[in-house]
Number of protein chains: 2
Amino acid sequence: MRAMVITTGEEILKGEVVDTHAAWISEKFCEVGVEVVRHLSVGDNMTSLKEAFLRVAGRCEVAVVTGGLGPTEDDLTARAVAESAGVPLVEDPAATASVAAYFEGRQVAVPASNLKQARLPKGSTCIPNPVGTAPAFSLDINGTRFWFLPGVPREMRYLMTEAVLPAIVDLQPSGSRLVKTAITTFGLPESVVGERLSGLESLFQGIHVGYRAALPVIEVKLWAFDQDGNSLQQLQQAAVAEALNRLGDYVVSGKGLSMAEAVAERLSETKQTVAVAESCTGGLIGSLFTDVSGSSDWFLLSAVTYANSAKENVLGVSGKTLESHGAVSAETVKEMAAGVKRVSGADIGIATSGIAGPTGGTDEKPVGTVWIGIATDTGTEAMHFVSPFKERHQNKRIFAFKALDLLRRAI
Amino acid sequence: MRAMVITTGEEILKGEVVDTHAAWISEKFCEVGVEVVRHLSVGDNMTSLKEAFLRVAGRCEVAVVTGGLGPTEDDLTARAVAESAGVPLVEDPAATASVAAYFEGRQVAVPASNLKQARLPKGSTCIPNPVGTAPAFSLDINGTRFWFLPGVPREMRYLMTEAVLPAIVDLQPSGSRLVKTAITTFGLPESVVGERLSGLESLFQGIHVGYRAALPVIEVKLWAFDQDGNSLQQLQQAAVAEALNRLGDYVVSGKGLSMAEAVAERLSETKQTVAVAESCTGGLIGSLFTDVSGSSDWFLLSAVTYANSAKENVLGVSGKTLESHGAVSAETVKEMAAGVKRVSGADIGIATSGIAGPTGGTDEKPVGTVWIGIATDTGTEAMHFVSPFKERHQNKRIFAFKALDLLRRAI
């Protein structure tokens, strides 16, 4: 089965946003055995949209289009589809209900402009959208099954997962299903992860291995299309065991948990609590922790002590340590970790202090330098790492993951 | 002048890599006044490549193609170009010299496979590549000027900057350029932003209005292609003034700053410092602040006091307040805000406490409830907000932006 992906929006053509939708959709299509043969991005205007739809229609079995379903004047997808298919736009009862339900759930009257979103090309099937205002829809044009999805990432992903992919699996030969395992790794570059797993596909015929860099984490996917129920399931298990063995302690989770989720699981199992003292990571560790539902059970405090005075006042770091060793030092992060453990009463304290960049580096402590401290009931330690990057967001993220990885290995 | 961008490679179609080339090239094109009307990604096979080249040829003035110029068997771009243009591949002296110079600089003999890279479609102009093995080239096909560049990011960017963009500037009518303004808004749904700005394009002919939801922020872009120096510049300024007027105090920034950057600018201007006490936002406010380079000038501390004991120990919130009003209350966030202001010595303290979900809600305080406190030298206030969402990430983000917006309006 062949597919094309069309993303729409001036912001893509202007290069203001990178088109991550096309890659995400393609990856999901790959996983259910659909071959993506083309990506296409066009602007929000009737001519380009119609030309794109008519160009794709009849040239592949399935197509996904994202964007242009919003309530404003520049949201033209439904109109362009109607004109391409030669049908009128009609008010769709299911779409009206979807829009009404969305606003009702929020106890707000439906704004007039949102009613526009309930007008769909005649003959299309509405896909109600419980997570946003724009109902999605599907329509056959010239033998190609099109799905039209909102461009808002969360809504697009939800509707792909809940509606499009199941429909595509139904279109595929029966009994065939996907067996998939995700392994989260941290600490090895993608090329080395690939080298360690080289030959796995020939060793376990029928198992596919894919890699995805969600930096600084590398995800490994092992998957198979099981044609007759469970003949590939055992092979898949053996391949996963082999992969885990080859990746060793770089494996954060053998079941696709994120770094914070893997740490959370381990803290819950061992009934330990944690507190964080963050300088260069600026709250990111706390934010990653609190993304995990139920984190209040094990996460007590993150003190984002950006100013040295805050390190002294909140964490009790000594002014002398800061003066003689500097904020970015083994001595300071050890005092920060011990301080936050003491102040919060947590079982474990972790601390970060470094230079995220782009400015602030010196010859001795270049941009990318970080010290990470950890304090437990048995003592306090510090480790040092220099990231090769000079960019602030990237370094904050790497520093935070380094700290979580140190914590993961300690519990 | 209109352009199309073609990126090639199976890894793009499989979703293994996100196509960042198309966005980067488009942004550069925009900056020199070229309007990008289409992105296209196709696989590394003769059929797809030829079809793409022939489809684009004659439909725009300029096109850039990346990838497929390497030395291996699956690098087919030059052959596909030759077949599309109906010319043979011939050894190009400038291309041979480029390959030879590259290897000479590394004191290595030219491998046989790299000589293939010196065979270009007859009639094309070689663009020597000093930073890699693959010479680039340009060729007119059916009235469209094509540039074929290597897919290696560093080489592609170098050749775009050094060769393609200067050539395009020479092709342009003098004075033509893009005029663009971004307005960041917060607090109005996209539909209402659109309603407020409806009719703007007809009022200011030649000005385009676009919307982008980077939730919870809505970005409005006003842009025009100025053909003769500055006739549209005044119109653009008038349109921006009208848009700002219609959007009122929902405008976070009239020049595209993020919420945190707008707050940062205001704090720097007024020479004020800030500290944060976060409960439900879990460090996200600190992380948003520290994404801004130079934040150490005005951001002193974020105390992520997830546990009640941390609220008492670190911020001095009274146990009695927590007991009688609960952690999610006006009284608690006021004490948190005042506490973090006192502990840090900052000019302003802000605090959040709420229920991000998906669990933890009650009838009285449903998921989505947040209290936000602010403490300044003139007193302490609290405000209350209920988000319509039940999802944790979304609520954390909305709560954080609500707090930043309150801060923005207070300074």
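This is a short talk on two sheets that are shared by chains A and B, on the contact between the chains, and on one helix of chain B.

Before I start, please keep in mind that this is a predicted model, in which local features need pLDDT of at least 70 and side-chain atom pairs count only at pLDDT 80 or more, while totals for chains, interfaces and linings use all residues. Residues are numbered from 1 along each chain as its sequence is written, and chains are lettered from A and ligands numbered from 1 in the order in which they are written.

Let me begin with the contact, where two residues count as touching if their C-beta atoms, placed from the backbone, lie within 7 Å. Chain B gives 67 residues to it and chain A gives 69. The side of chain B that touches chain A holds 30 nonpolar, 26 polar and 11 charged residues, with Ala, Val, Leu, Ile, Met, Phe, Trp, Tyr, Cys and Pro taken as nonpolar, Asp, Glu, Lys and Arg as charged, and the others, Gly among them, as polar.

Now to the sheets. Helices (H or I, at least four residues) and strands (E, at least two) are DSSP runs numbered from the N terminus, and two strands pair if DSSP finds at least two bridges between them. In general, strands of a sheet pair through backbone hydrogen bonds, either parallel or antiparallel.

One open sheet has 12 strands with mixed pairing, in the order 6(A)-7(A)-8(A)-3(A)-1(A)-2(A)-2(B)-1(B)-3(B)-8(B)-7(B)-6(B). Its edges are strand 6 (125–127) of chain A and strand 6 of chain B, each of which pairs on one side only. In chain A, strand 6 is joined to strand 7 (residues 136–141) by 3 bridges in the antiparallel sense, and A:Ile127 has A:Ala136 as its bridge partner there.

How much of strand 1 of chain A is buried? Of the 7 residues in this strand (residues 2–8), 6 are buried, that is, 20 or more other C-beta atoms lie within 10 Å of their own, with C-beta atoms placed from the backbone. Strand 1 of chain A runs parallel to strand 2 (residues 35–42) of chain A, with 7 bridges between them, and A:Ala3 stands opposite A:Val36. Strand 1 of chain A also pairs with strand 3 (residues 62–66) of chain A, again in the parallel sense, over 5 bridges, and here A:Thr7 faces A:Thr66.

The other open sheet has 10 strands, also with mixed pairing, ordered 17(A)-16(A)-15(A)-13(A)-14(A)-14(B)-13(B)-15(B)-16(B)-17(B). Where the chains meet, strand 14 (residues 299–305) of chain A runs antiparallel to strand 14 (residues 299–305) of chain B, with 5 bridges joining them, and A:Ser302 is partnered with B:Val304. Within chain B, 6 bridges join strand 15 (residues 348–354) to strand 16 (residues 369–376), also antiparallel, and B:Ser353 stands opposite B:Trp371.

I will finish with helix 7 (residues 153–171) of chain B, which has 19 residues and reaches 25 Å from its first C-alpha to its last, close to the 27 Å expected, the expected span being 1.5 Å times one less than the number of residues. Its buried residues are B:Glu155, B:Met156, B:Leu159, B:Met160, B:Val164 and B:Ile168. The elements of chain B that cover them include helix 2 (20–31), strand 3 (62–66) and strand 8 (144–149).

Definitions and conventions:
Buried ≥ 20, exposed ≤ 12 C-beta atoms within 10 Å, placed from the backbone.
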